[in-house]
Amino acid sequence: MENMDYQQIKEKIKEEELQRKMREQKNKKIEAQLKKVEKLEFQFNREKIKLQAMIAKENNAMNSSDSTDNINE
């Protein structure tokens, strides 16, 4: 009877260790994916800022030419 309890406890410990290892592997995969997403988000935001700067520059150029047109009229 005591042997059986010992074997059951031993099996339960092995099973819990396996589950822990599986959770750790899953967490590592999730962390790697999160890093990729953060990197892409950073690149996206950098490109967004560049585009906003280009649009602002174009708007300023258009406003300047409008002002010049108004003066010439």
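Glu11 counts as partly exposed, because its relative accessibility is 46%, where partly exposed lies between buried, under 20% relative accessible area, and exposed, over 50% (1.4 Å probe, protein chains only). The model is a predicted one, in which local features need pLDDT of at least 70 and side-chain atom pairs count only at pLDDT 80 or more, while totals for chains, interfaces and linings use all residues. Residues are numbered from 1 along each chain as its sequence is written, and side-chain values use heavy atoms, with hydrogens and water left out.

Glu11 is placed in helix H1, which spans residues 2-72, and the chain has 1 helix and 0 strands (DSSP runs numbered from the N terminus, with H or I over at least four residues for a helix and E over at least two for a strand). Together with Glu15, Glu16 and Glu17, Glu11 forms a negative surface patch; such a patch is made of residues with over 30% relative accessible area and no salt bridge, like charges being joined within 9 Å and nonpolar side chains (Val, Leu, Ile, Met, Phe, Trp, Tyr) within 5 Å. Asp and Glu count as negative here, and the place of the charge of Glu is taken as CD.

A search of the whole structure finds 2 salt bridges (a side-chain nitrogen of Lys or Arg within 4 Å of a carboxyl oxygen of Asp or Glu). In one of them Arg20 is paired with Glu24, with 3.0 Å between the closest N and O atoms, and both residues lie in helix H1, 4 residues apart, or about one turn of the helix. Arg20 is partly exposed because its relative accessibility is 38%, and Glu24, with a relative accessible area of 38%, is partly exposed.

A salt bridge also joins the side chains of Lys50 and Glu47, at 3.5 Å from N to O. Because Lys50 and Glu47 are 3 residues apart in helix H1, about one helical turn separates them. Lys50 is partly exposed at a relative accessible area of 45%, and Glu47 is partly exposed at 41%.

Over the chain of 73 residues, 0% count as buried. The chain exposes about 7500 Å², of which carbon and sulfur atoms supply 55%, the areas coming from the Shrake-Rupley method with a 1.4 Å probe.
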